[in-house]
Amino acid sequence: MTVRPFVPWPDKRLRTAAAPVDEITDDIHALWADMVETMDAMPGVGLAAPQIGVMLQVAVVDATPDRSRRILLANPTVLTASDEVEAGTEASPNLPGVHAEIVRPKAVTVRFLNAQGVIDRRDFEGLEARSVQHQIDHLAGRMYFDNLGRVKRDMLIRKARKSR
């Protein structure tokens, strides 16, 4: 397992939709292992493959304080989202030094390929739901700040550039 470096914003890969995974191979398992190691080395609770320059629809999430509930996802898609929303702080190691309050559905149902290569369906709530949605955005070539209005988004990007 290896801690991988993050692609820095505004690298074009962060704005490019990742390719779907056809099957779960040893290479995908190795990628997940590296991603878990990388996620554990940062303060965040999830990581999408494009964040480390791998353009595949692969993500990992673990929102538990003791990192005891690893969720490995390939090709995740939100099937349903709750009407109830909540605001929460989001950030990205690809654009360090800034964060923003983002409003997202409090709960989602997601379909994905699991580690055994089987299509799975799972309900997520709270921080886990937020992280899964955040990772799905990355897989679609979106950053968390794309959920902000233009003025707030532009201010955040200017602040990030100044802090470099």
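**Helix H3 and its surroundings**

In this predicted model, helix H3 has three residues that are tucked away as buried: Leu 156, Ile 157 and Ala 160. These residues cover an arc of only 95° around the axis, so they sit on the same side of H3. What do the buried residues of H3 pack against? Their partner is strand E5, which runs through residues 100-105. The face of the helix turned away from this buried side looks quite unlike it, carrying the exposed residues Val 151, Lys 159, Arg 161 and Lys 162. The length of H3 can be checked too. The helix takes in 14 residues (150-163), and at 1.5 Å a residue these should span 20 Å; the end C-alpha atoms turn out to be 20 Å apart, so the expectation and the model agree.

Two single residues, Thr 38 and Pro 65, show how settings can vary along the chain. Thr 38 belongs to helix H1, which covers residues 26-40. Is Thr 38 buried or exposed? Its relative accessible area is just 1%, and the cut-off for buried is under 20%, so Thr 38 counts as buried. Setting aside the neighbours within four places in sequence, Thr 38 is in contact with Thr 2, Val 3, Arg 4 and Phe 6, and also with Leu 47 and Ile 52.

Pro 65 is another story. This proline is found in the loop that links strand E2 (58-61) to strand E3 (71-81). Here the relative accessible area is 87%, and exposed means over 50%, so Pro 65 counts as exposed. How far is Pro 65 from Ile 102? The two residues are 37 places apart along the chain, and their C-alpha atoms are separated by 21 Å.

Now for the chain as a whole. It contains three helices and seven strands. Read from the N terminus, the order of elements is α-β-β-β-β-β-β-β-α-α. For 164 residues, a compact globule would have a radius of gyration near 15 Å, and the chain has 15 Å, so the two agree. Along the principal axes, the C-alpha trace spans about 45 × 35 × 30 Å.

As for what is hidden and what is not, 45% of the 164 residues count as buried. The accessible surface of the chain adds up to about 8500 Å², and carbon and sulfur atoms account for 52% of that. Finally, taking contacts between residues at least 6 apart in sequence, 64% of them join residues at least 24 apart.

Key
Residues numbered from 1 in each chain as written. Predicted model: local features only at pLDDT ≥ 70, side-chain atom pairs only at ≥ 80, totals over all residues. Heavy atoms only, no water. Helix = DSSP H or I, 4+ residues; strand = E, 2+ residues; numbered from the N terminus. Buried < 20%, exposed > 50% of the residue type's maximum accessible area, 1.4 Å probe, protein only. Contact = heavy atoms within 4.5 Å. Expected span 1.5 Å × (residues − 1). Arc of directions from axis to C-beta. Rg over C-alpha atoms; globule rule 2.2 N^0.38 Å. Areas by Shrake-Rupley, 256 points an atom, 1.4 Å probe, with all protein chains shown as cover.
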